[in-house]
Amino acid sequence: MSALKIMETLAARLRKEGYRISTPVPEEGKLDWQNMSLAEAVAIKKGFLDDYFEVIRDADIVLIANVEKHGIDGYVGANTLMEAACGHALRKPVIFLHPVGMQACQIEACAISSGILHGDAARLKELLADLSAS
């Protein structure tokens with residue numbers, strides 16, 4: 001959720017190109033998870049995940065805005081990996097904005113990747129055309 005501003009900027013650009021885009025709800029990033037009981041946090045997180053998995057089910061692709069975080073370029077966090085895996089399991093192309101960084105889940109994230117935009121969202125149309133042709 002720390003990259004929400006970047007995701008919204010990317011989404012606005014892609015909307016101008018005619019794509020229908022969904023981004024995570026900002027309310028999740030505003031919650032004080034540390035001051036909740038585990039049961040409360042789990043119930044709230046489950047609701048967010050269930051809702052977003054439904055968005056993914058209805059999507060044509062899953063675009064992951066994996067920007068720098070924790071000093072790791074192309075960072076993929078736990079939520080992001082779950083969303084990417086959901087898309088992959090539903091046979092949706094999973095596209096990463098940047099190459100997946102050196103981190104514990106690098107192999108898993110790369111294994112479900114359908115392509116990388118190398119930071120250039122303008123490449124999305126070309127990449128999707130290549131995926132359709134193969």
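## Salt bridges and the largest pocket

Glu-28 counts as buried, because its relative accessibility of 10% falls under the 20% limit set for that class. The model in which this residue is seen is a predicted one, and the account below turns from Glu-28 to its charged partner, then to other salt bridges, and finally to the largest pocket.

Lys-45 is the partner of Glu-28 in a salt bridge, in which the closest N and O atoms are 2.3 Å apart. Glu-28 belongs to the loop between α1 (4-16) and α2, whereas Lys-45 lies in helix α2 (residues 38-58), so the contact ties together parts that are 17 residues apart in sequence.

A search of the whole structure finds 4 salt bridges, and three of them, including the pair just described, are set out here.

| Pair | N to O distance |
|---|---|
| Lys-45 and Glu-28 | 2.3 Å |
| Glu-54 and Arg-57 | 3.3 Å |
| Arg-13 and Glu-17 | 3.7 Å |

The side chains of Glu-54 and Arg-57 meet in a salt bridge, and because these residues are 3 residues apart in helix α2, about one helical turn separates them. Glu-54 has a relative accessibility of 41% and so counts as partly exposed, and Arg-57, with 44%, is likewise partly exposed.

In the salt bridge between Arg-13 and Glu-17, Arg-13 is partly exposed at 38% relative accessibility, and Glu-17 is also partly exposed, its value being 42%. These values lie between the limits of 20% and 50%, which is why neither residue is classed as buried or as exposed.

The other subject of this report is empty space, which a probe the size of a water molecule reveals when it is rolled over the atoms. The largest pocket has a volume of about 1,300 Å³, and of the 44 residues that line this pocket, Met-7, Ser-22, Pro-24, Tyr-52 and Glu-83 are the closest to its centre.

Several secondary-structure elements take part in the lining of the largest pocket: α1, α2, β1 (62-64), α3 (78-89) and α5 (124-133) each supply at least two residues. Helix α2 gives the most, with 8 residues, and this is also the helix that holds Lys-45 as well as the pair formed by Glu-54 and Arg-57. By residue type, the lining of the largest pocket divides into 27 nonpolar, 8 polar and 9 charged residues.

Definitions and conventions
Residues numbered from 1 in each chain as written. Predicted model: local features only at pLDDT ≥ 70, side-chain atom pairs only at ≥ 80, totals over all residues. Heavy atoms only, no water. Buried < 20%, exposed > 50% of the residue type's maximum accessible area, 1.4 Å probe, protein only. Helix = DSSP H or I, 4+ residues; strand = E, 2+ residues; numbered from the N terminus. 1 Å grid on protein atoms, 1.4 Å probe; cavity = no way out; pocket = protein on both sides within 12 Å on 5 of 7 lines; lining within 4 Å. Points joined across faces, edges and corners; volume = space filled by probe spheres on them. Nonpolar A, V, L, I, M, F, W, Y, C, P; charged D, E, K, R; others polar.
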